[in-house]
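Me: I'm new to reading protein models and I'd like a close look at one part of this one. Could you walk me through the salt bridges and the helices that carry them?

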Amino acid sequence: MDDSEIRSRIEALVDEERQLRDSGEHSDEQRARLRQIEEDRDQLWDLIRQRDAKRQYGEDPDEAQPRPEQQVEGYLQ
């Protein structure tokens with residue numbers, strides 16, 4: 001995936017999240033989907049940051065790989 005594909009996927013997840021949040025009360029399935037969206041979005045943002053860092057240091061951004069969800073979710077803000 002290149003940067004534009006990653007950003008498009010992030011935008012699609014944000015749109016889906018907005019629709020779910022605006023739908024009012026949520027079922028267990030909707031809450032689970034919201035959690036999954038947040039985790040997927042965080043992984044994609046991490047991937048973008050990895051690609052930017054590789055580019056900055058003269059490395060190939062295509063070598064960046066998504067990190068495990070547990071690792072990304074464990075980062076301090």
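Reply: Here is a walk through the overall fold, then the salt bridges, and then two residues worth a visit.

Keep in mind that this is a predicted model. The protein has an average pLDDT of 92, and 97% of its residues score at least 70. Confidence is highest in helix H1, with a mean of 96, and lowest in helix H3 (residues 69-73), with a mean of 84. In general, where pLDDT is low, the predicted coordinates should not be read in detail.

Let's get the overall picture first. The protein has 3 helices and 0 strands, and along the sequence that reads as α-α-α. The radius of gyration is 14 Å, well over the 11 Å that the globule rule gives for 77 residues, so the protein is more spread out than a compact globule. You can see this in the C-alpha trace too, which spans about 50 × 25 × 20 Å along its principal axes. Of the 77 residues, 29% count as buried. About 5500 Å² of the protein is exposed, and carbon and sulfur atoms supply 44% of that area.

Helix H2 deserves a moment of its own. It runs over residues 28-56, and its 29 residues reach 42 Å from the first C-alpha to the last, close to the 42 Å expected at 1.5 Å a residue. After H2 comes Gly-58, whose phi is positive, near 75°.

Now for the part you asked about. The general idea is simple: side chains of opposite charge can pair when their charged atoms come close. The cut-off used here is a side-chain nitrogen of Lys or Arg within 4 Å of a carboxyl oxygen of Asp or Glu, and by this rule the count comes to 12 salt bridges. Let's look at three of them.

Start inside helix H1, which covers residues 3-22. Here Arg-18 and Asp-15 form a salt bridge, with N and O 3.3 Å apart. The two sit 3 residues apart in H1, so about one helical turn separates them. It helps to remember that an α-helix has 3.6 residues a turn, so residues three or four places apart point the same way. Both partners are partly exposed: Arg-18 has a relative accessibility of 47%, and Asp-15 has 40%.

Helix H2 has a pair with that spacing as well. Arg-31 makes a salt bridge with Asp-28, and their closest N and O atoms are 2.4 Å apart. These two are also 3 residues apart, this time in H2, so again about one helical turn lies between them. Arg-31 is partly exposed at 37% relative accessibility, whereas Asp-28 counts as exposed at 55%. Elsewhere, salt bridges that share partners join Asp-3, Arg-51, Asp-52, Arg-55 and Asp-62 into one network.

The third pair reaches from one helix to another. Glu-16 forms a salt bridge with Arg-33, with 2.8 Å between the closest N and O atoms. Glu-16 lies in H1 and Arg-33 in H2, so this bridge ties together parts that are 17 residues apart in sequence. Glu-16 is partly exposed, with a relative accessible area of 26%, and Arg-33 is partly exposed at 26% too.

So what else touches across the fold? Take Ile-37, which lies in helix H2. Ile-37 is buried, with a relative accessible area of 0%. Not counting residues up to four places away in sequence, Ile-37 touches Leu-13, Glu-16, Glu-17 and Leu-20. You've already met Glu-16 as the partner of Arg-33. As for Glu-17, its C-alpha is 6.8 Å from that of Ile-37, although the two are 20 residues apart in sequence.

Then there's Arg-7, in helix H1. Arg-7 is partly exposed, with a relative accessible area of 34%. Leaving aside neighbours within four places in sequence, Arg-7 is in contact with Trp-45 and Ile-48. Compare that with Asp-60: Arg-7 and Asp-60 are 53 residues apart in sequence, and 18 Å apart in space from C-alpha to C-alpha.

Finally, zoom back out to contacts across the whole chain. Among contacts with a separation of 6 or more, residues 24 or more positions apart account for 53%.

Note on methods:
Residues numbered from 1 in each chain as written. Predicted model: local features only at pLDDT ≥ 70, side-chain atom pairs only at ≥ 80, totals over all residues. Heavy atoms only, no water. Helix = DSSP H or I, 4+ residues; strand = E, 2+ residues; numbered from the N terminus. Buried < 20%, exposed > 50% of the residue type's maximum accessible area, 1.4 Å probe, protein only. pLDDT = per-residue confidence, 0-100. Rg over C-alpha atoms; globule rule 2.2 N^0.38 Å. Contact = heavy atoms within 4.5 Å. Areas by Shrake-Rupley, 256 points an atom, 1.4 Å probe, with all protein chains shown as cover. Expected span 1.5 Å × (residues − 1).
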